[in-house]
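New to this one? Let's take a walk through it, a stop at a time.

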Amino acid sequence: MSTATVRSSRLRAVAWALAISAALVVFIVLGSRNLAHFDAALVGYTFATLFAAFGITYRYAMWLQRPPTRMYWRRGWQAFFAPRYFAQNLAVLARRAVVEVGANRFIFRRGILRGAAHWAIMWGCTVAAAITFPLVWGWIHFETVPGKIDVYRTFVFGYPAGDFPIESLYGFVVFHGLVWASFLVIAGVLLAFRRRMLDHGATSVQRFAEDILPLVLLLSISVTGLMLTVSYTWMHGYAYSFLAILHAITVIFTMLFMPFGKFFHIFQRPAQLGVAFYKDAGERGEQARCVRCARPFASATMIRDLMVVERQLGFRYELTSEPDAPHYQQACPRCRRALFGLAQAAAWTHERGKPDGQTSS
């Protein structure tokens with residue numbers, strides 16, 4: 001890839017990152033009614049989320065510009081919006097979003113405890129994010145109802161969204177939402193640590209920055225958050241200021257780390273839904289036939305796209321030097337193994353046929 005192409009890709013990624021960050025700033029200002037409901041004490045969290053939004057968007061935009069990702073991305077959307085199958089695709093999307101993403105079936109297939117760990121961490125973080133971000137950005141706030149000091153009114157984007165008694169079960173569940181999320185995350189992290197300590201296969205390939213540090217950060221956020229609850233509930237606010245600062249440090253560091261580490265897969269994973277639609281369209285469409293044995297072995301569209309991506313990456317696997325030569329990807333796996341053996345036999349025969357003392361350099 002040329003220097004000019006790399007520079008152009010980076011500029012486009014920076015432009016997208018700036019646009020998304022600016023849009024988030026606008027939504028924060030509008031959602032908090034010109035910052036009227038924005039808590040200045042949470043400004044550190046806000047800047048951390050803005051940095052995370054910039055970094056995640058930049059990395060995602062760079063990722064989408066890679067030839068394989070760009071091809072999958074484009075084909076996935078084309079397959080999803082195909083007029084003939086659009087209604088069916090909507091139903092399939094809903095099912096896959098619930099079963100594969102929401103229920104984590106793809107992880108449970110690898111093991112029950114592994115799936116339970118991933119499910120608990122994912123839903124704990126999802127619940128925590130759904131509560132924390134709107135509160136930090138001023139999109140949601142609570143006020144006591146005039147004349148009813150035991151009743152709270154919820155405001156969403158500055159508009160009333162319902163009243164509830166403070167001492168009600170609903171109020172207890174809502175105000176302790178982060179506690180329930182912390183319990184889920186802690187349970188998932190402990191299960192993940194158990195696997196990484198007992199599974200020798202996982203231990204042999206794990207890296208601290210990619211596998212251990214994310215779990216430590218999630219555990220730190222959850223534990224310090226629970227300590228805040230313990231402090232103001234049962235300890236009359238003892239060490240609350242120190243715990244609040246410690247919790248803020250863990251959260252802000254995690255947000256700053258998010259674009260660079262393993263957390264980035266949170267934003268990559270949904271793209272697998274598009275890949276699934278691409279595969280579905282390939283199975284329904286024309287099948288590629290092997291240039292050697294003429295048997296169908298894969299989607300014709302997928303084989304053509306693979307050849308295009310390989311050439312974009314600078315790899316050429318034509319079987320001969322002729323202009324319209326068949327491509328290596330047009331051979332089925334069985335014939336590829338056969339061609340490999342034939343090539344080795346031809347090379348060996350060629351060497352054996354040379355006079356003594358003459359070998360290829």
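Start with strand β1, residues 140-145, which pairs with strand β2, residues 148-156, in the antiparallel sense over 6 bridges. Keep in mind as you look that this is a predicted model. To find your place in the pairing, look for histidine 141, whose bridge partner in β2 is phenylalanine 155. β1 and β2 make a hairpin, with 2 residues between them. In that turn you'll meet glycine 147, which has a positive phi of about 85°.

Carry on along the chain and β2 pairs again, with strand β3 (residues 159-165), antiparallel over 5 bridges. Here valine 156 stands opposite tyrosine 159 in β3. These two strands form a hairpin as well, with 2 residues between them, and phenylalanine 157 in the turn has a positive phi of about 55°.

Now for the rings. Searching the whole structure turns up 28 aromatic pairs. One of them joins tryptophan 77 and phenylalanine 80 edge-to-face, with 6.4 Å from centre to centre and 85° between the planes. Both sit in helix α3 (residues 67-80), 3 residues apart, or about one turn of the helix. Are these partners buried or exposed? Tryptophan 77 is partly exposed, because its relative accessible area is 41%, while phenylalanine 80 counts as buried at 8%, so it falls under the 20% cut-off. Ring pairs also tie these two into a cluster whose members include Tyr60, Trp63, Phe86 and Phe277.

Last stop: charges over rings. The charged end of arginine 284 sits over the ring of tyrosine 85, 3.7 Å from its centre. Arginine 336 lies over the face of tyrosine 328, at 5.1 Å from the ring centre.

Key: Residues are numbered from 1 along each chain as its sequence is written. This is a predicted model: local features need pLDDT of at least 70, side-chain atom pairs count only at pLDDT 80 or more; totals for chains, interfaces and linings use all residues. Side-chain values use heavy atoms; hydrogens and water are left out. Two strands pair if DSSP finds at least two bridges between them. Helices (H or I, at least four residues) and strands (E, at least two) are DSSP runs, numbered from the N terminus. Rings of Phe, Tyr and Trp (its six-membered ring) pair if their centres lie within 6.5 Å; planes under 30 degrees apart count as stacked, over 60 as edge-to-face and the rest as tilted. Buried means under 20% relative accessible area, exposed over 50%, partly exposed in between (1.4 Å probe, protein chains only). A charge sits over a ring if NZ of Lys or CZ of Arg is within 6 Å of the ring centre and within 35 degrees of the ring normal.
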